[in-house]
Amino acid sequence: MKASASTAPSHTLCNNLGRGLRHLVPTVLLFLTFLPVPTARADELRAGVAKVDVTNTEAGPVSDRLYVKALVVSDGGTTAVIATVDAVAIAEIGTIRNEYLANVRARLQRELTIKPANVIINASHCHGVVRQDIEELTVLAVKQASQKMVPVNVGVGSGYEDRIMTNRRLKLKNGKEVDIRRAYALAPDEEVAKVGPIDPEIGILRLNRKDGRTLAVIYNFACHPIQGVPSNGNTADLTGFASKVIEENLSDDTIALFLQGAGGDINPVFYKQVDHPRSAEPLGNMLGLSTLKALRTIHAREDGRLMLINRTTGLPRANTAQRILALEAEQQNLLHSLKGTMLNLKSFLPLAVKYSLSSEFPSYYSHQYLHERQMKRADLDQLDAENRKNLKQYIDNIHTMEELTRIQTNLTLLRKHQATNVAAGNKALDVEVVGLRIGDFVLVTFPGELTVQIGLNIKKASPHKRTYVAGYTNGYIYYTPTAEQLKNVGGAQEDSDCLVAPEWQALFERTVAEILSQL
């Protein structure tokens, strides 16, 4: 059938167009091959952040919420995870099991291909109670963070806060040291010569989205968050309140992650307060506001530097057998020094009040004393001498019993750790030391409760201006005091609740120096 005049030209046009497209397709494909693929630039970091509520609501009343927070950072080649948990530790003590870290790392490697060595988990050391499924919730937080990665700019700086904490080790006039604990009484004021240092620096890492909104803030500070709240409820303590202040005063979805520093011998101020309810919230508010004040001066810029070094180091274990024997002997000597007195608590208290109110005329009004002396009698004066002798004896017994409670408490710790070290034989105590660099932010981590002087030493010796130290990270090995503090074994918690020998400090600081030189 002959094509009509109206359809023939259209058919010819389609054929010509088809042949033209067949020639054009290879050229288009070749052009598309050389188009740039949208990937992160070599000098650009990407980050994501998330938090998950881990409050154990079955552990009693709840004051405020506890969280696991996760920050995932990548430069396209290296991916690092920083997770923080509102818990006393991530092993050994508290409710988090010893296998927690290994299990979380294994899942992140299997499900997100993140290297185990690149996962850093820090406990705030608050004494809050987390949920039993903390492993699952930690993995969930990291997954959520990894799903929200965006390009970020980096800002680094320091804040200052010295009002909310104090060194809890007291240097006595006899050369010994004791510490400030609620577990036992303080040494008498007249025996205290000085206190140790604090570290008022707040180390800050700021990550901003490219539009200027703050994605995440990491802040590092050294202080036990153990003040508690008036209700005695489950609490993230002062660092939980500080994070809340920071988050509520920045961008809508900013997350603040607290990294506990070298706070082994640093307590909140007024930790032994008995005249009004103890509350962590005012202290946390001050820390949060001081962090915000510093953040106003920290400007984020492009900086693609991301580096992480994870090194396992073996530390020498302590042998405190001889010190335990010496303390046991001291304990017996103190026990035998207790003397009977004619006073009991009921008779002691009114006498103590009377003799404090009037040192010259405590037993009666002054006129009777003057009358007796005029009559060459000394009945009241002799009564006062006897009462003062009995008061002194009673007070001496109290001080002796207070010292006995300190020795008993610390002896229990020493015996526990000596048994652990004996069972380990000559095997060193293996620990992870991590060095992390994000832009100018340089962080060193360690699993022990570092005392503050060690953190100050590392900062002073570091070749990097912005160097910060986080204890309580990637495990838990109890207290790690200075070699000098370990001359006081049995006198304070830091040198009694301890697994390591004095030589550990020099070995650790050398390891840190090597890592810092490579970052």
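Biologist: Which residues of H3 are buried?

Modeller: In this predicted model, burial in H3 means under 20% relative accessible area. The residues of H3 that meet this cut-off are Ile134, Glu135, Leu137, Thr138, Val139, Ala141, Val142 and Ala145.

Biologist: Against which strands and which helix do the buried residues of H3 pack?

Modeller: Four strands take part in this packing, namely E1 (45–53), E2 (67–74), E3 (79–85) and E4 (119–123). The helix that the buried residues of H3 pack against is H2 (100–112).

Biologist: How are H6 and H9 oriented, roughly parallel or roughly antiparallel?

Modeller: Two packed helices are described by the angle between their axes and the distance between the axes. For H6 (residues 321–337) and H9 (residues 379–424), the axes lie 10 Å apart and the angle is about 155 degrees. Angles over 145 degrees count as roughly antiparallel. H6 is therefore, relative to H9, roughly antiparallel.

Biologist: How many residues in the contact of H6 with H9 are nonpolar?

Modeller: On the H6 side the contact includes Ile324, Leu327 and Glu328, and on the H9 side it includes Leu404, Ile407 and Arg415. Of the residues in this contact, five are polar and four are charged. The number that are nonpolar is nine.

Biologist: What span should the 46 residues of H9 have?

Modeller: The expected span follows from 1.5 Å a residue. The end C-alpha atoms of H9 are 68 Å apart, which agrees with the expected value of 68 Å.

Biologist: Which residue just after H9 takes a positive phi?

Modeller: The phi in question is about 65 degrees. The residue that takes this value, just after H9, is Gly425.

Key:
Residues numbered from 1 in each chain as written. Predicted model: local features only at pLDDT ≥ 70, side-chain atom pairs only at ≥ 80, totals over all residues. Heavy atoms only, no water. Axes fitted to C-alpha atoms, helices over the stretch in contact; angles between N-to-C directions. Helix = DSSP H or I, 4+ residues; strand = E, 2+ residues; numbered from the N terminus. Parallel < 35°, antiparallel > 145°, perpendicular 65-115°, else oblique. Contact = heavy atoms within 4.5 Å. Nonpolar A, V, L, I, M, F, W, Y, C, P; charged D, E, K, R; others polar. Buried < 20%, exposed > 50% of the residue type's maximum accessible area, 1.4 Å probe, protein only. Expected span 1.5 Å × (residues − 1).
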